[in-house]
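Reader: I am new to reading protein structures. Could we walk through one together?
Author: Gladly; here it is.

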Amino acid sequence: MSFSPELHHWLILSTILFSIGIYGVLTRRNAVGVLMSVELLLNSAAMNFLIFNHYASKPFIDGAIMALFIIAVAAAEAVIAMALFVAIFRSRKTVDVTQINTLKG
Amino acid sequence: MGLVSWLFVLPFATAIAVILTPAGMPKMVKKIALAGTSLHLALTAFVTYKFVQVAAFSGDAVKDALITHLYLVEKVPWFESLGIQYFVGLDGISMFMVILTSIVIFTGVLASWTVTERPKEFFALLLILVSGVFGVFVSFDLFLFFLFYEVAVLPMYLLIGIWGTGPKEYSAMKLTMMLMASSALILVGFLALYQGSGKETFDLIEISKVHFPIVFQNWVFPVIFIGFGVIGALYPFHTWSPDGHSSAPTAVSMLHAGVLMKLGGYGALRIGLYLLPEGAQNWALFFMGLTTINIIYGAFAAIKQKDLKFFTAYSSVSHCGFVLFGIVTLNMIGVKGAVIQMFSHGIMTALFFGLIGMVYGRTKTRIVTDMGGLAKVMPWLAVCFYIAGLASLGLPGLAGFIAESHIFLGGFVGNQWADATTMRILTVIATMSIVVTAVYVLRGLANVFQGPLKEQFKTLTDATLTEKISTGILVVTLAIVGMAPWYFIDLIEAAVYPMINRLGLTASNWMVF
Amino acid sequence: MNELANSFAFNNAWLIPALPFFSFLVVGLFIRPVSDKLAGIVATLSVATAAFLSIWLAFDYFSAFPAGAEHPGLISWSFEWLRYEEHLAVNVGVLVDSLSILLMVVVTFVSSLVHLYSIGYMKGEDGYGRYFTYLNLFTFSMLGLVVAPNILQTYVFWELVGVSSFLLIGFYYTKPSAVSASKKAFIVTRFADLFFLIGVLLIAVVGYNAMSMFGAPGSLPDNVSAFDFSYLTSSGVSIMMNNLGLLTPAMILIFIGAAGKSALFPLHIWLPDAMEGPTPVSALIHAATMVVAGVYLVARLFMPFAASGTALLVAGYVGAFTCLFAAVIACTQDDIKRVLAYSTLSQIGYMIFALGVASATETLGYTASLFHLFTHAFFKALLFLGAGAVIHAVHTNNIWNMGGLAKKMPITNITFLIATLAISGVWPFAGFFSKDEIIASAFGTHHYVIFAVGLLVAGITAFYMFRIYIVTFLGKARSEAVNKAHEAPMTMTIPLIILAALSAVAGFVHFGDFVSVGAESGHAEGGFPIWIPALLSGLSGIAIAWFIYAGNSERSKALTERLGAIYRVIYAKFYIDEIYLFVTHKIIFRFISAPIAWFDKRIVDGGVDLTGWMTRRGGAVFSRLQTGQAQTYTTWMVNGVIAVAVLIWIFVS
């Protein structure tokens, strides 16, 4: 009896990935860590697209296209984010997100 | 573009011309502003002439009218899907108020001849403000009305905040905040009217053909009356006025007390009383009580003031109380009195604040007890000050008496919806203000102008030519209205008839529309 | 249309008040800045012309309606000035009847003499032109008041009279005492005017409402207005108001207004202080014209007053009390003008109580009152002008710094003596006749208390008047200034002589034939000869004054010491001023005004500030949520998403 993953297995995997991402976004102090966690979130979302594409609308490939979009956007986002971090690091000598609180009321 | 539109376009265009003058030419700015306002005075005279030509002042049609009849109307659809139009025109009350505003802005520009700090911005804002005021007085579309209302109210923040004296930021903030809050109430009222009329239009004349349910009127009337009451210094929402006036520069005080506060009375009359007659009937006695407090309270508070501007501001609270008091008497005499009081108080306070500015510019103090005997060195200003003071205590022969006698008589004549005895008692209480006013006016003026002249004031000079023209015009206006009131009364009477006639309608009568 | 249609004076009667007004404008705006001298001349001429016109008018009127005939009220000229409503309009105009003619003549005549006198008196003073401007304004206001055909015009000019007297009293505006006196005069009379105004509102509105009961508004003539005296004094309105119970209150309110201008107790306090103004002003305003405005008003509204009865009785007793009260104070004052001021109060008390004892059927009091108004105007103006001449010469108001002026100023001395005799009621001078008629009217209507007061005050009047006459003009000079004194210039002595002549002969006019009210003219000479006790009372007053003050001054000193505390209380004018000061400053200012100012600053304004403060505090509290850390915000967001998800799950399943 071989194990064949069903829809819910895939979803659980994507949820775990998402949760790790959320956890990372909320707890990482280093901005680069936050960015990496955001990548996890994006990837879990992309994964959901693929999963539902596979199980729900087999002959079409819309989900796969959306996933490709997400990968492209994620790449762009990473570039902008890294540029921002460099700029922030230049002015504040740190990329610790708890130190960047100019929005404080 | 029609004649009436020019009334607010002209000051606005002048404001733009002022902004476009090259920097570093303050003289030029003042000349442009003066030219613009004198032109406006001429325009107003011409419009008045045209208005008198076309308007009907007597006859049964006028006496029995239920709908305000407008003249020189301009009506262009604007946002048709929302029922918003560009709708301007004139009736007697608007005409009267336009004349007032035109006189006050002209004298205000003359009185601010000495402004040296950023004159360009100052005059531009002043003119924008006044074009908003003109807009309010001529617009008969609620949306347009509100738009102009905001244009008129907002520049005050900058004018007081930048050119003011004393705790100007505090005063400017307080004034703006309170007036904004009142705008919110007005907006709520307008939207309710828009919605409640079921006609999907902001056209005031169209809305006036709708008989709103009593319950609706009972809640919308106080919203609108209080909303306009705030700017009309209704007790207890008057506190922006003493601080605001005392901090504002001369011309701004003149314009604010002289004209802007009239928007309150005008709105309460035009929107509150005219559109919601039954609401007015049900609330009349309540607001009569409040305005009686206004009148007496302002007068008593003025006795204790040491600063000339505070003193005049409290006296304004008392006098603006008369305007609202006249409106809620709900009869012909009282409402006419309210309109005349708007005019007379406008001219009178403009004169007061103008003179205070001139005296302050010389003595560098506004505290009455620090002055004394100034009549010796500045006889012109003293005479004008006394005339303004006498007008404010209701001396016959000056405009104040005409207004106050109408209002008192209106209070005594009463109406069929409020208890006559209560109204008379309130009126008697209100009449007490004529004594209290005499007390504070004479005490204040005696301190400033009479008694021995203090050493440090011996070298002061009397009014300059511009100041003489500015105060002279206001004094003459007070006297003309006081001595030959019939012209002005004819003007407004025709416009007041529909407001009063509607009060007597029963639900079934509304079917005529 | 009427018997006077061809009379120039009648058709142009509006000129009588208008001339001083035009002169006021012209002198005030154009002449005064250029030439002081011309200002005085133009002002005087305008009033003199008005005087000439009013005498002409009187002549024409009484030729058309001779003595004893009925004297109708005719409107010479009017126009609608202010229209509140139909039949509630103010038709400003000139009413010509015997009452208004009487006052026009008195006012213009005395005023033109005062103008003439002032040319000499005010010579060299600062503000000479300004003075004449004010004087013109006052004359205009007073004339506008007396010719008013409706009560609102009366009120209008009533106020203008108040203002112009304010200006004149405060003429020396750099002098603090004059400033406060003018303020006091204005505010006290204004306080009374408040009641007058309420009374006017009440009577006019009730009259207006009553119109519909006399017939539909359309059936009345168009020009009838509820303010018109002709309407207000009609018996229908009085009956209507009486039925509503409003007649007596309304008339008492109006009487309070009259009491303010006429300085009746307890509103008299402004008049003695008003002597701070230039002396001719005192003669004009505080003797002959303004202070009799109250008498005029009560006379004008005599019919409704009589219909009320109670209101007239109140007037009678207030008048009688003032009469006695002021006479007593006058005996103790040392300032010559103040004595005259209190004497004026007392004489006005006479006029008012004479009106008070009259009634719709017994009208002698009415005639007597106006007769006294007529004669009093001459001799009191003369007294003031004479006092002015003395003050002008010796530069002091205190009678104890004068003495022996008879030789230095013969004309002033003789004219002053005539006036003194006239006011003391000595035959054949004018005061004798009018005062006798007043006392007789009180006796004839069985008001014995008032009659007794009248008789007693006649004696007191003679006493205090001779007191100042003796101290001022007889005996030895008591100061350096007296030795340097000399007779006044011509412009001042001519008015004195004219007035003295009138004071001597005015009493012989058969006044009741000209001025009366109701059907029967006020002749009631018969019965007990009242003039005997009245004359005796006056003569004994003179004798006592002679005994105390002539010769040595030891007797008067002994008398004051004997009286002690009583004298001091009277000398301090019964402390009425202090009571007023206490009420205004201590009670009104401190317990009404100051708390309101405080309440406004702290409570009402505080409320606004509190709203602002609460908004700011609220912002501060909520801004704590704003940590500035993106991760906190994300946490909130995630929690929110979870919460929404849970909610959806709960509600969907």
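Reader: How many residues does each of chain A and chain C give to their contact?
Author: Two residues are in contact if their C-beta atoms, placed from the backbone, lie within 7 Å. Here chain A brings 10 residues and chain C brings 10 residues. This is a predicted model, where local features need pLDDT of at least 70 and side-chain atom pairs count only at pLDDT 80 or more, while totals for chains, interfaces and linings use all residues. Residues are numbered from 1 along each chain as its sequence is written, with chains lettered from A and ligands numbered from 1 in the order in which they are written.

Reader: What does the secondary structure of chain C come to?
Author: Helices (H or I, at least four residues) and strands (E, at least two) are DSSP runs, numbered from the N terminus. Chain C has 29 helices and 2 strands.

Reader: How do strands β1 and β2 of chain C run?
Author: Strands pair if DSSP finds at least two bridges between them. In chain C, β1 (residues 74-85) and β2 (residues 88-96) run antiparallel, joined by 9 bridges. F79(C) stands opposite V92(C). The two strands form a hairpin with 2 residues between them, and H87(C) in the turn has a positive phi of about 65°.

Reader: At what angle do helices α20 and α21 of chain C pack?
Author: Axes are lines fitted to C-alpha atoms, for helices over the stretch in contact, and angles run from 0 to 180 degrees between N-to-C directions. The angle between α20(C) and α21(C) is about 155°, with axes 8 Å apart. These helices are therefore roughly antiparallel (over 145 degrees).

How values were computed: Angles under 35 degrees count as roughly parallel, over 145 as roughly antiparallel, 65 to 115 as roughly perpendicular and the rest as oblique.
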